[in-house]
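Let's take a walk through this protein together. We'll start with the empty spaces inside, then look at a helix and a couple of single residues.

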Amino acid sequence: MEISYKDFKVGKCEGQKVVDGETMPLVLQPPEPNKSDTESLISALKQNKHWFEQMLIKNSAVLLRGFDVKNAEDFNDIIEAFGWDDIRYVGPAPRTHVYKRIWTANEGPLSETIFYHHEMVHIKESPKKVVFFCEIPPPEGGQTPFVPSFRVTERMLEEFPEAVEEVEAKGLKYTFTALSKDDTSSMRGRGWEGVFGTSDKAEAERRAKALGMDLEWLPNGGVKTILGPPSLTKVFDGRKGRRMWFNTVVGMHGKESSSAMLADGTEIPENFVKRCGQIIEEESIQFKWEKGDVLFLDNMALLHGRRPSLPPRKVLVAICK
């Protein structure tokens, strides 16, 4: 039986899962073939803004599919239909500004995997929403998998109850090393000048401090950022009291340019990190991108990443408060 919500038809996609009674992602399609144009979509979003935001929090991921979204301009119109505040990206991913609020997603090599993460999890103020638009779907791979964060916490508490609470009690410390200029040959190649929006070291230090970071300047002109002590998990309003795995331990632990440890400098056990990475992968949800797809993620509830892919692949992104 066909189900309709407001001005949308509810659809299905491969890889869709029901997690704790919630469909992820919720797929919304045009209510009828002649309502697939961008103007009709934007009108429907404006009229049902509050309902749509409720669906995003309830289902954590909403996929608009089958609409005639062609380019960055259309995508930007969709973002602006909600009136959500913009937030400046701070992080290591090389990105290029495309149009108004729209940027490229991580421009690192398509052959590489992007580790699962909550967007800007290490910053004092993380975006509440991350929205992707697929302009050119890859011929193979390139999915943007996501993971219900509370499930990771639940399973880690089942397998490592004492270790989880110890890390929670002590807090975390992250370090990350960046060059001064961008290096697009690396998925973490954004230089500190791009991260902080300045080439002035004193100004970079001021901006870093406002974000909760300390900086150590390196002889090669690069910088080591030190962040901490953030918690391991967080509970956010409106999300059923779920304890989210709101950290980037797996993504930063033991890497060439980054580290994750306890706030007192103690190492996090290797088996803890390795098993966490396995659990995250086991809980992942993914679908194959189609041209014109727009995917909304609740950044408070989901980690996301990127699978390796063959070129071409063009996915754009907007992040919102």
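A cavity, in the sense used here, is a set of grid points where a 1.4 Å probe fits but cannot get out. Keep in mind as we go that this is a predicted model. Rolling a probe the size of a water molecule over the atoms shows where empty space is left.

So what turns up? Searching the whole structure gives 2 cavities of 30 Å³ or more. The largest cavity has a volume of about 590 Å³. It has 38 lining residues, and those closest to its centre are Y89, G91, P92, A93 and H117. Several elements give two or more residues to this lining, among them strand 12 (172–178), helix 6 (192–196) and strand 14 (223–227). Strand 9 (114–117) is on that list too, and with 4 residues it provides the largest share. As for the character of this lining, 22 of the residues are nonpolar, 11 are polar and 5 are charged.

The second largest cavity holds about 30 Å³ of space. Around it you'll find Y116, W245, N247, T248, V249, V250, G251, I280 and L303. Helix 8 gives the most here, with 3 residues. This lining splits into 6 nonpolar and 3 polar residues, with no charged ones.

Now for a space that is open rather than closed off. The largest pocket has about 340 Å³ of space. Its lining is made of 15 residues, and T177, S186, R188, E256 and S257 lie nearest the centre. Here the split is 4 nonpolar, 5 polar and 6 charged.

Next, move to helix 1, which covers residues 38–47. Which of its residues are buried? They are T38, L41, I42, A44 and L45. These residues cover an arc of only 160° around the axis, so they sit on the same side of helix 1. The general idea is easy to picture: an α-helix has 3.6 residues a turn, so residues three or four places apart point the same way. On the other side of helix 1, E39, K46 and Q47 are exposed. And what do the buried residues pack against? Their partners are strand 2 (8–11), helix 2 (49–59), strand 6 (61–64) and helix 3 (72–82). At the N-terminal end of helix 1, D37 acts as a cap, with a side-chain oxygen 3.3 Å from the backbone nitrogen of E39.

Let's finish with two loop residues. R307 is found in the loop between strand 19 (302–306) and strand 20 (314–320). Is R307 buried or exposed? Its relative accessibility is 18%, and because buried means under 20%, R307 counts as buried. Leaving out residues up to four places away in sequence, R307 touches E112, Y116, G142, Q143, P145, E281, S284 and Q286. With Q286, the R307 side chain also makes a side-chain polar contact of 2.6 Å.

G254 sits in another loop, between helix 8 (249–252) and strand 17 (258–262). The relative accessibility of G254 is 67%, and since exposed means over 50%, G254 counts as exposed. To get a feel for distances, try G254 and Q54: they are 200 residues apart in sequence, and 38 Å separates them in space, C-alpha to C-alpha.

Conventions
Residues are numbered from 1 along each chain as its sequence is written. This is a predicted model: local features need pLDDT of at least 70, side-chain atom pairs count only at pLDDT 80 or more; totals for chains, interfaces and linings use all residues. Side-chain values use heavy atoms; hydrogens and water are left out. On a 1 Å grid over the protein atoms alone, a cavity is a set of points where a 1.4 Å probe fits but cannot get out, and a pocket is an open set with protein on both sides within 12 Å along at least five of seven lines; lining residues have an atom within 4 Å of a point. Grid points are joined across faces, edges and corners, and a volume is the space filled by probe spheres set on the points. Ala, Val, Leu, Ile, Met, Phe, Trp, Tyr, Cys and Pro count as nonpolar, Asp, Glu, Lys and Arg as charged, and the others, Gly among them, as polar. Buried means under 20% relative accessible area, exposed over 50%, partly exposed in between (1.4 Å probe, protein chains only). A polar contact is a pair of N or O atoms within 3.5 Å; within protein, one must be able to donate a hydrogen and the other to accept it, and residues adjacent in sequence count only if both atoms are side-chain atoms. Contact means heavy atoms within 4.5 Å. The arc is that of the directions from the helix axis to the C-beta atoms.
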